[in-house]
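Let's take a walk through a protein model together. Have the sequence and the 3D view open, and follow along.

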Amino acid sequence: MLSFLKEEGVSPGLLEGLEQFRQSNPPELPERVPVPRFHYYGRQVWEQAIAALLCGKNLLLTGDKATGKNVLAENLASAFGRPAWNVSFHVNLDAGGLMGMDTFTDGQVQFRPGPICLCARHGGFGILDEINMAKNEALAVLHSTLDFRRALDIPGYERVPISPAARFIATMNYGYAGTRELNEALASRFVVIQMPTISPENMDRLLTRSFPALRKKYRQQLGQMFFDLQKKCEGGEISPKALDLRGLLDAIDLMSAGILSGPALDMGITSKSFDSYEQGLIRDVMAARVSPKLTRAELFEP
Ligand SMILES: Nc1ncnc2c1ncn2[C@@H]1O[C@H](COP(=O)(O)OP(=O)(O)O)[C@@H](O)[C@H]1O
Ligand SMILES: [Mg+2]
């Protein structure tokens, strides 16, 4: 991870800070430290995120779908060498699900710690995924965790101090159905990075890494196709449903499994719109870059 960050061009001062952090916080629960399958590409975001976490801040990553929020959060836990707990927020999440609750085992009442409690104890990185999916009332319990008090206040229990190595990284996307506004009290406890769409150069690196056998010509065409969709989206001609990098990667996976380019792009991208007129527009934009009849043998090196 550290050599990747060097390659990425992250400033030496921050890398030194990272090294110091790792030395002054003894490793815990190594099996929980993520080993990332993908790297996040984007030097500026990396620098902002590392600086914020070194300053002891909690981080809120906001942005559209598939801008790498979860990939970055996991990469950060890995770079800082900390165990990670991922908590998916949803409408029914409550204080017990976050902090822990009493359970009845072997004829005894025992406290079973929740993910926030475990982060506090072990200096973990808590990834609060889609934080704005939960009800704001359920989140009030996080206030003392996230501010200067750095303690868990669980009603009926002792105050649990938070390890100096613990950090919280929340993700949110305000577009989705079911999301809420994050209330100001909670938002003020984070520093925020608005996640940009991947740059064309980094798109090329991502596709090269993900699909080493994809021929350069098609790698470039598929990348450009994504940015064409982005332009149409910004111009309001098509809705953001079709702008889905995750869907593009899925489509290329399907092509490598032998599906023709056209149907593969339909499955990954076009069919996420349920409006046949819009589907036609999306197909036209895509066909202008990438023929829909490409076979696996044409797309990939043997
Ligand atoms: N800047 C980036 N660098 C590397 N991968 C990226 C980047 N942006 C998006 N991706 C890719 O997009 C996909 C979705 O990433 P994810 O972190 O799940 O998105 P989000 O949580 O923002 O919806 C992953 O395959 C990821 O590798
Ligand atoms: Mg996500």
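What follows is a tour of this predicted model, from the overall layout down to single residues.

## The big picture

Start by zooming out. The protein has 302 residues, and 49% of them are buried. Its secondary structure comes to 15 helices and 9 strands. If you drew a box around the C-alpha atoms along the principal axes, that box would be roughly 65 × 45 × 40 Å.

Now think about who touches whom. Take the contacts between residues at least 6 apart in sequence: 75% of these join residues at least 24 apart.

## Helix α11 and its partner α10

Find helix α11, which covers residues 216-234, and then helix α10, which covers residues 200-210. These two pack with their axes 10 Å apart, at an angle of about 135 degrees. That angle makes α10 oblique to α11, because an angle counts as oblique when it falls outside the ranges for roughly parallel (under 35 degrees), roughly perpendicular (65 to 115) and roughly antiparallel (over 145). The crossing of α10 and α11 is right-handed.

Which residues in α10 and α11 meet? On the α10 side they are P200, M203, D204, L207 and T208, and on the α11 side they are R219, Q220, G223, F226 and F227. Sorted by class, this contact has 5 nonpolar, 3 polar and 2 charged residues.

Look at the spacing of those numbers as you click through them. An α-helix has 3.6 residues a turn, so residues three or four places apart point the same way.

## Helix α11 again, now with α14

Helix α11 also packs against α14: their axes come within 9 Å and cross at roughly 140 degrees. That makes α11 oblique to α14. The handedness of this crossing is right-handed.

The α11 residues in this contact are M225, D228, L229 and K232, and they meet I282, V285 and M286 of α14. By class there are 5 nonpolar and 2 charged residues here, with no polar ones.

## A helix tucked inside

Next, move to helix α13, residues 261-268. Is α13 enclosed or open? Of its 8 residues, 6 are buried, so the helix is largely enclosed by the rest of the structure. The buried ones are S261, G262, A264, L265, D266 and G268.

What covers these buried residues of α13? The cover includes α11, which you have already met, along with α12 (245-256) and α14 (276-287).

## Cysteines on their own

How many disulfides are there? The count comes to 0. Take C55: the nearest cysteine sulfur belongs to C119 and sits 20 Å away, while a disulfide needs the two sulfur atoms within 2.5 Å.

Two cysteines make a nice contrast in their surroundings. C55 has a relative accessible area of 56%, so it is exposed. C233 has a relative accessible area of 16%, so it is buried.

## Two loop residues with positive phi

Most residues other than glycine have a negative phi. Two residues here go the other way. L29, in the loop between α2 (12-24) and α3, has a positive phi near 40 degrees. D106 has a positive phi too, near 50 degrees, and lies in the loop between β3 (100-105) and β4 (108-113).

How accessible are they? L29 is partly exposed, with a relative accessible area of 26%. D106 counts as exposed, at 77% relative accessibility.

## Far along the chain, across the fold

Finally, try picking out two pairs of residues and tracing the chain between them. Q44 sits in helix α3 (residues 43-54) and counts as exposed, at 55% relative accessibility. Its C-alpha atom is 9.9 Å from that of S11, although Q44 and S11 are 33 residues apart along the chain.

Then look at A95, which is in helix α5 (residues 95-99). This residue is partly exposed, with a relative accessible area of 34%. A95 and L142 are 47 residues apart along the chain, and their C-alpha atoms are separated by 8.5 Å. Leaving out residues up to four places away in sequence, A95 touches G100 and V141.

Conventions: Residues numbered from 1 in each chain as written. Chains lettered and ligands numbered in written order. Predicted model: local features only at pLDDT ≥ 70, side-chain atom pairs only at ≥ 80, totals over all residues. Heavy atoms only, no water. Axes fitted to C-alpha atoms, helices over the stretch in contact; angles between N-to-C directions. Helix = DSSP H or I, 4+ residues; strand = E, 2+ residues; numbered from the N terminus. Left-handed = near helix turned anticlockwise from the far one by under 90°. Contact = heavy atoms within 4.5 Å. Nonpolar A, V, L, I, M, F, W, Y, C, P; charged D, E, K, R; others polar. Buried < 20%, exposed > 50% of the residue type's maximum accessible area, 1.4 Å probe, protein only.
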